[in-house]
Amino acid sequence: MKDYYKILGVDKGVSQDEIKKAYRKLAHQYHPDKVHGGDEQKFKELNEAYQTLGNEQKRRQYDQFGRVGGEGGFDFSRGFDFGNFGFDFSRGGNFRDSGFDVEDLFSRDFFGFESAKSWEGREKRGKDIAIDLEISFKEMAFGAVRQVLLRKNNVCLSCGGSGGEPGYGDEVCSLCQGTGTIRHAKKSFIGTFSTLQECDKCSGKGRMPKKACKTCGGIGIMKGEREIRVVIPPGIEDNEAIKLSGEGEAAKGGIPGDLYARIHVKPHPVFEREGKHLLMNLEIPLTDSALGAEKRIETLDGELPIEIPAGVDSGEILKLRGKGIMVNNRERGDLLIQILVKTPKRLSKKARELFEKLKEEGV
């Protein structure tokens, strides 16, 4: 007696879903149409095992009696009988009880070729394009607009992508007779399968222009340069990408792909970014730290005055509100100024005397 569980490589107590997964994996591996690894005899054994274990009622009989209804399994000598899998054509083609999925049988993943269902309704799409844009630190903070010149496939401006000469109309495709599909037959040891594939001549539309466009030669797309406007929002992060839908490569009989512009922000010699805020260091002499002072500093908005309070310590942060990075096109962060007190390395005689007096006062 054959051990169907061993043939499928599963334990006796596994679920129906696990049996189905094991069968699909092995059937795909040993299918006779495979150039490498195909094994017709092994494939027959797999189908025989799955016909029994894939049906809960037959599985119970097999577990109890070691066989099903006096039959040892699937008989390939009599041809491929869909009835053995519980396929009821009288009820619209639904598999019953066995757990066998008809879409599995005719899918690309199962037998290695594409069925009509797998591409039906799928719209053609052009390739995506990725570019790199370098912007200044100030453009990052406030936003910018860049014009980029790209050479790519574009929709023909004369025919709008239809491929037909304007004013001549279209007609039924002579190859597919208006169906948009072409039927192909694929032979297998279990029979001949017919599959539907998209018509190459009309790209699945079923109709063709009566006269080809003079500009693009009926293709509907043309290679050429196109200037694209890239709007860079304020506050964009370094290495962030902007998606421009429909600005990628055009596709014959389909929709264009997308353009992805990856932004690279040049570092600033003074400012560092911390979220929506800017951070800078301001070095001041010891006297300004002790007595206070007014300084003018360079910001993204130009030169601005800043008050250094008396007694400020090195490392303290002064804040200029609303002088940071623009976010949401209306709110700005702050400019955070870190004070660095510069200690003199050499003192003149007079300066030393003054410091000695300060020392005597305990300053």
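Helices are taken here as DSSP runs of H or I spanning at least four residues, numbered from the N terminus. In the predicted model, helix 4 is followed by G66, a residue with a positive phi, near 80°. The opposite end of this element is also defined by a specific residue: N55 caps the N-terminal end of helix 4, which covers residues 56-65. In this cap, a side-chain oxygen of N55 lies 3.0 Å from the backbone nitrogen of Q57.

Over the whole protein chain, ten helices and 19 strands are assigned. The chain comprises 363 residues, of which 37% are buried. Its exposed surface amounts to about 22,300 Å², and carbon and sulfur atoms supply 47% of that area. Of the contacts between residues at least 6 apart in sequence, 61% join residues at least 24 apart.

A contact pattern involving separate parts of the sequence was examined at P256. This residue is found in the loop between strand 10 (241-244) and strand 11 (259-265). P256 counts as partly exposed because its relative accessibility is 27%, a value that falls between the 20% limit for buried residues and the 50% limit for exposed ones. When neighbours within four places in sequence are left aside, P256 is in contact with G246, G248, E249 and A250, and also with R125 and G126. The C-alpha atom of P256 is separated by 8.6 Å from that of K124, although the two residues are 132 apart along the chain.

How values were computed
Residues are numbered from 1 along each chain as its sequence is written. This is a predicted model: local features need pLDDT of at least 70, side-chain atom pairs count only at pLDDT 80 or more; totals for chains, interfaces and linings use all residues. Side-chain values use heavy atoms; hydrogens and water are left out. A polar contact is a pair of N or O atoms within 3.5 Å; within protein, one must be able to donate a hydrogen and the other to accept it, and residues adjacent in sequence count only if both atoms are side-chain atoms. Helices (H or I, at least four residues) and strands (E, at least two) are DSSP runs, numbered from the N terminus. Buried means under 20% relative accessible area, exposed over 50%, partly exposed in between (1.4 Å probe, protein chains only). Contact means heavy atoms within 4.5 Å. Accessible areas come from the Shrake-Rupley method with a 1.4 Å probe; for residues, only the protein chains shown count as cover.
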